[in-house]
Amino acid sequence: MKKGILFLFFLLAFSLFRAQENLDYRGSSTIINDLVHTKLKVSFDIPNEKLLGEAWITLKPHFYPTDSLTLDAKGMAISAVTLNGGKDLAYNYKNSKLKINLDRVYKKNESYTIYIKYVAIPATVSQKGSAAIQDAKGLYFINPRGEDSDKPTQIWTQGETESGSCWFPTIDKPNQKTSQEIYITVPDKYVTLSNGLLKTQTKNPDGTRTDYWKFDKKHAPYLFFMGIGEFAVVKDKWKNILVDYYVEKEYEPYARQIFGDTPAMIEFFSNVLQYPYPWEKYSQMVGRDFVSGAMENTTCTLHGEIAQQKPGQLTDENQWESVIAHELFHHWFGDLATTESWSNLSVNESFANYSEYLWFEHKYGKDKAEEHREGEKEGYLYGGENFAKDLIRFQYEDKEDMFDAVSYNKGGLILHMLRNYLGDDAFFTGMGLYLKTNEYKATEAHHLRLAWEEISGKDLNVFFNQWYFGNGHPQLEISYAYDNAKKSVLVTLTQTQDPKFQFPLDIDVYENGKATRHQVWAKATETNTFELPYKTKPQLVNVNPDNVLLSEITDDKTTEQYIFQYKNAPEYHSRREAIEKLAEVQTSNAQALETLLQASSSDKFEGLRILAISKLEAAHSSVKQKSAPVLEKIAGSDPKTLVQAEAIKQLGKIDPAKYTDLFKIAANSPSYAVKAAAILAILSVDKSAAAEIVNKIDDKQPGRELTAAIAKTAIANKDTSKLELISKNFLNMLLRAQSQEEANTYFEVLQTIMKGDYFKETKNIVDSIVKIYPQAKKYNYGEMLMQIMQESLYMKQQASGSSSSGQSLKDQVQYISEGIAKME
């Protein structure tokens, strides 16, 4: 699962690490009975948010004889429990556990089928969910009574971690595997999607339709899925396997632009893993108000609505591409071979995280992949709250806490190190062996180690003990001592952290513009020294040039060395590091500024061109004078729209009046990033001209940057017609604000909405805050959100207290009050 909301906010986290030594051991669930097959028949009371269900669950004792069965069943009204629809069975239903007395003792390999008639009422479920999920209800009814004219009615499910049992009785543990079939009865206007293949559709006399979905292979209960709504279905395929995209009808023309790389991804992953895609179809659906980023339900991934993009966004980049790859890769790592416990979540999520790198490397080249990996590393390192957590950890407060930047980011970074240590052939062959050995089974981290050891012949216990069952990472201080008499440089690495690590390390020594790479091995000691030979005194010694080692490095290179490094070192990380260091001295060192401008206009990778442009201190006189003509050229001619947009932002700071004509041309660009940058530049000199451009934009979901430009323009012109769009994106924009000035812009919008009669806009803001508040409480911005709600209530009460106020304002006061009560 891609924790979209979690990864939106972890960069703001400053929470203290919770001591784990006093927490209970969290091992795999003891297996008494094995799930064998699950058959379901479901229909819905949509306005009242209920599922009417029947379940036939086939099981067998795992090893020891048993005369009882305990199922997970959350928020249900149970009306019948029988032996395969015949003999009534005694049962007790309490605390979300359905305990059933069987008719006799069953021995190993003796199967039996339990029939259960029930009503699932998700509104009554109260359990912690991961990331932003306040209550993990498993089954979600979206706009069930049609009260929101701008939102479709949908039903969808979310099973991870253990919420499948909110809509069907089961043994809701990841170390169970079952086949399934499901009959879904819905109003005939709705499309359905579930695991496996759609076998039949039967129209009923009452205007409903029953769809029969069948899934013959085995998977964990948390991967069961239903999706229901009025969707356009865009059909694609990989070889003879159906690949379909379920989107809102407005986005039907763009579905292939969003998801169209999926067949190529399936082909690439099948080849690199040496294991063809193992399922009978692959569908992707976009659901409204999804409680996470996306979820890898077997054969039918569900994405949040942010996946839906228009050509203006897609012209710049498909912001959801990495998530599409991530969820697809789970169909090998997670769905086929599944973690046996949440403590071993890394065997699911670390691989899915690393698949994003693999896809970018395959499609775009190494620089793009390295840029992505750099972002993952920053996410892990930020704040330091992750350093004391083992990747595989058996002590945690709640299973949902495992979904963090250790299981995801750090796990992916560790896999990259292992890939470089083993080599591509052994690394990927070992992954394929792991899948073949553990297909349709529950697994743990040691299964990975054994597979790679079998292929490579290497003992990986030290690596796994250090990186999988240990915590932290090397924090290194590096110094150099040159001995011209001996023609050698002594490189000293000092580890300042505990515990100490041992690791392989690359060191490049540059002479006459060319590098000689030395591969050394650092021991788990405080100090390691390496004496490296040279013929002429090196121009640069570059430690960890590819940034393979997950570490923090303090180095003492000079400005001249960083200039040389940018111009001569080919690696993404080396160029990026040089850009960042040279940016620090651009106002005092002409050569540093010259190199920064060279990177802005000529670096082979657009991501580093953007970085270099963004680092320019445009307000400084010397930087302004030298960078303006370079930026003007970039804004008009760079082949990448995101680079153009960054240049326009800087020109808007340098002299917006001078470049107004350029900005007006840019405002007509099909690129939303370019358009947004141009609007903001124009806004600084001509509010009405910016408003004229904004008023021609008819996309209701134009993405973060263009929405921000629209918001700022509307505020500057006191235009309330854009408040609904802004309110839907208010919290997202506020928490991503790049400056206090930008944040103040959004607070002005908040004041406008809360001081006026704007029910829909008020509801949008309250809903977004209430939704994310559980995550915010884990960190240090929950108090801020509560303060926003309380101040909003005060402003709305003041507006409601006036003599001319009507019922609508009173309803808004009530809605905010109810939101605060939920948060409390």
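Both F333 and F351 are buried. The exercises below concern this predicted model.

**Exercise 1. How are the rings of F333 and F351 arranged, and which parts of the chain does the pair tie together?**

Solution.
1. A pair of aromatic rings is described by the distance of the centres and the angle of the planes.
2. For F333 and F351, the centres are 4.1 Å apart and the planes are at 10°.
3. Planes under 30 degrees apart count as stacked, and the pair of F333 and F351 is stacked.
4. F333 belongs to the loop between α5 (321-329) and β20 (337-339), whereas F351 belongs to helix α6; the pair therefore ties together parts that are 18 residues apart in sequence.
5. In the whole structure, a search finds 43 aromatic pairs.

**Exercise 2. Determine what span helix α6 should have, and compare this with the distance between its end C-alpha atoms.**

Solution.
1. Helix α6 covers residues 346-364, which is 19 residues.
2. The expected span is 1.5 Å times one less than the number of residues, which gives 27 Å for α6.
3. The end C-alpha atoms of α6 are 26 Å apart, in agreement with the expected span.
4. After α6 comes G365, which has a positive phi, near 105°.

**Exercise 3. Is helix α6 largely enclosed or largely open, and why?**

Solution.
1. A residue counts as buried under 20% relative accessible area.
2. Of the 19 residues of α6, 15 are buried, so the helix is largely enclosed by the rest of the structure.
3. N348 is located in α6, and it counts as buried because its relative accessibility is 0%.

**Exercise 4. Which polar contact joins the side chain of N348 to another side chain, and which residues does N348 touch?**

Solution.
1. The side chains of N348 and Y222 are joined by a polar contact of 3.1 Å.
2. A polar atom of the N348 side chain also lies 3.1 Å from the backbone nitrogen of T339.
3. Not counting residues up to four places away in sequence, N348 touches Y222, H330, F333, G334, A337, T338 and T339.

**Exercise 5. Which residues have the most contacts inside the largest nonpolar core, and how is W452 placed?**

Solution.
1. The largest nonpolar core has 92 residues, and F269, W332, W452, Y468 and V491 have the most contacts inside it.
2. Leaving aside neighbours within four places in sequence, the contacts of Y468 include S346, D390, L448, W452 and F463.
3. Another core lies apart from the largest one; it has 63 residues, among them I184, W213, A220 and L223.
4. W452 counts as buried because its relative accessibility is 1%; F427, at 0%, counts as buried as well.

**Exercise 6. How many residues of helix α13 are buried, and against which elements do they pack?**

Solution.
1. Helix α13 consists of 12 residues, 572-583.
2. Its expected span is 16 Å, and its end C-alpha atoms are 17 Å apart, which agrees.
3. Of its 12 residues, 10 are buried, and α13 is thus mostly covered.
4. Among the buried residues of α13 are Y572, H573, R575, R576, L582 and A583.
5. The buried residues of α13 pack against α7 (366-381), β27 (540-543), α12 (559-568), α14 (590-602) and α15 (606-615).

**Exercise 7. Over which rings do the charged ends of K41 and K368 sit?**

Solution.
1. For K41, the charged end sits over the ring of Y183, at 5.3 Å from the ring centre.
2. For K368, the charged end sits over the ring of F360, at 5.2 Å from the ring centre.

Definitions and conventions:
Residues numbered from 1 in each chain as written. Predicted model: local features only at pLDDT ≥ 70, side-chain atom pairs only at ≥ 80, totals over all residues. Heavy atoms only, no water. Helix = DSSP H or I, 4+ residues; strand = E, 2+ residues; numbered from the N terminus. Buried < 20%, exposed > 50% of the residue type's maximum accessible area, 1.4 Å probe, protein only. Contact = heavy atoms within 4.5 Å. Polar contact = N/O pair within 3.5 Å; in protein donor to acceptor, adjacent residues only side chain to side chain. Core = buried A, V, L, I, M, F, W, Y, C linked by side-chain atoms within 4.5 Å. Phe/Tyr/Trp six-rings, centres within 6.5 Å; stacked < 30°, edge-to-face > 60°. Lys NZ or Arg CZ within 6 Å of the ring centre and 35° of its normal.
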